[in-house]
Amino acid sequence: MCPHVLLIQETHRMYLQKLDEISSLQTKCTSSISRQRKRLKEVSQLARELNRYMLYLSLVLGNVNVTLLSKQSKFAYKDEYEKFKLYLTVLLLLFSFICYFFVSYRFLDAIFNFLLVWYYCTLTIRESILITNGSRIKGWWVFHHYVSAFLSGVILTWPDGNLYKSFRNQFLAYSLYQSFVQCLQCYYQSGCLYRLRALGERHNMDLTVEGFQSWMWKGLTFLLPFLFFGHFWQLFNCLSLFRMAQLPDCKEWQVMVCGLSFLILFMGNFFTTVAVVRQKLKTRKQKSKTL
């Protein structure tokens, strides 16, 4: 066979081989592009869904990443947390005052309880971030917010009936008093923490709490009667709900669950506060003996 013919045949064979390779690569590229377009569409859809929750996340977490790298960011977020807690406490104080003295509508009660749920859930998230970044809070005072959020959620679902109406004013009065005491604590604890931090006796990331801690012994013992009164009010709410649960016409499960929640709050708050006071008195007695 002529060499030219063999060369042409070999060239044609290589051409067909390369054409098959190019076709195969083209098919793979087309398939890969289709998959990437599908993934891009899924990512875009996910981004749109995340944007819907962006407002809620900014309200809950604030404008901050979970991990705070600089001290300035940590202090700024701590101050934002303190302001959020104070502003919401004042709002809850006014809301409970209006509901108790001026209006008696179930939908306003529902808004108030929903605000309580949102407030306590937000506190738990922000406190977790602050603890991760160096804040020191006793375990009970964090867990106490989870119980309070659960309690508010249960009351939110309580149907409007005779039992709810009989407990409504008692709960609103308790909420009004609790918000008042929390305002006192925020105001006086902030001043006390500022003084102790200036003296180098407290950490810069320490927070105000809705209870009594050892560092409050200097200058804030006058808050103890207010706190203990609130603790025993929780016990009174618990006993009232337990008596209500024994009534023949009590069909709502919320009555017993709320009673148990108030019992947990009373026991945790009361025994934690008593333990702190007892420890400080014991330490004070030991110091007086050494002198």
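## Glutamate 80 and arginine 126

Glutamate 80 is partly exposed, because its relative accessibility is 30% and that class lies between the 20% and 50% limits. In this predicted model, glutamate 80 forms a salt bridge with arginine 126. The closest N and O atoms are 3.8 Å apart. The cut-off for such a bridge is 4 Å. The pair links distant parts of the chain. Glutamate 80 sits in helix α3, and arginine 126 in helix α4, which covers residues 106-132. The two residues are 46 apart.

Arginine 126 has a relative accessible area of 3%, so it counts as buried. Arginine 126 also lies over the face of phenylalanine 84. The distance to the ring centre is 4.5 Å. Arginine 126 thus appears in both a salt bridge and a charge-over-ring contact.

## The other salt bridge

How many salt bridges does the structure hold? The count is 2. Besides the pair of glutamate 80 and arginine 126, aspartate 109 and arginine 168 meet through their side chains. Their N to O distance is 2.6 Å. This pair, too, links distant parts of the chain. Aspartate 109 belongs to helix α4, and arginine 168 to helix α6, residues 162-198. They are 59 residues apart.

Are aspartate 109 and arginine 168 buried or exposed? Both are buried. In the bridge to arginine 126, by contrast, glutamate 80 is partly exposed.

## Aromatic pairs and the cluster

A search of the whole structure gives 24 aromatic pairs. One of them joins tyrosine 105 and phenylalanine 107. Their ring centres are 5.9 Å apart, and the planes meet at 35 degrees, a tilted arrangement. Tyrosine 105 is partly exposed, because its relative accessibility is 47%. Phenylalanine 107 reaches 54%, so it counts as exposed; the limit for that class is over 50%.

Phenylalanine 171 and tyrosine 174 form a tilted pair as well. Here the centres are 6.4 Å apart and the planes differ by 40 degrees. Both residues lie in helix α6, 3 residues apart, which is about one turn of the helix. Both are buried. They also belong to one aromatic cluster, together with Trp158, Tyr164, Phe167, Tyr177, Phe229, Trp233 and Phe262. A charge sits at one of these rings: the charged end of arginine 106 is over tyrosine 164, 4.2 Å from the ring centre.

## A nonpolar patch

Which residues make the nonpolar surface patch of about 510 Å²? They are Phe97, Ile98, Tyr100, Phe101 and Phe102. Isoleucine 98 is placed in helix α3, residues 71-101. Glutamate 80 lies in helix α3 too. Isoleucine 98 counts as partly exposed because its relative accessibility is 41%. Residues join a patch at over 30%.

## Overall fold

The secondary structure comes to 8 helices and 0 strands. From the N terminus on, the elements run α-α-α-α-α-α-α-α. Of the 291 residues, 40% count as buried.

Contacts between residues at least 6 apart in sequence were examined for range. Of these, 78% join residues at least 24 apart. The two salt bridges have separations of 46 residues and 59 residues. The protein exposes about 17800 Å². Carbon and sulfur atoms supply 65% of that area.

Methods:
Residues are numbered from 1 along each chain as its sequence is written. This is a predicted model: local features need pLDDT of at least 70, side-chain atom pairs count only at pLDDT 80 or more; totals for chains, interfaces and linings use all residues. Side-chain values use heavy atoms; hydrogens and water are left out. Patches are made of residues with over 30% relative accessible area and no salt bridge: like charges are joined within 9 Å, nonpolar side chains (Val, Leu, Ile, Met, Phe, Trp, Tyr) within 5 Å. Accessible areas come from the Shrake-Rupley method with a 1.4 Å probe; for residues, only the protein chains shown count as cover. Helices (H or I, at least four residues) and strands (E, at least two) are DSSP runs, numbered from the N terminus. Buried means under 20% relative accessible area, exposed over 50%, partly exposed in between (1.4 Å probe, protein chains only). Contact means heavy atoms within 4.5 Å. Rings of Phe, Tyr and Trp (its six-membered ring) pair if their centres lie within 6.5 Å; planes under 30 degrees apart count as stacked, over 60 as edge-to-face and the rest as tilted. A charge sits over a ring if NZ of Lys or CZ of Arg is within 6 Å of the ring centre and within 35 degrees of the ring normal.
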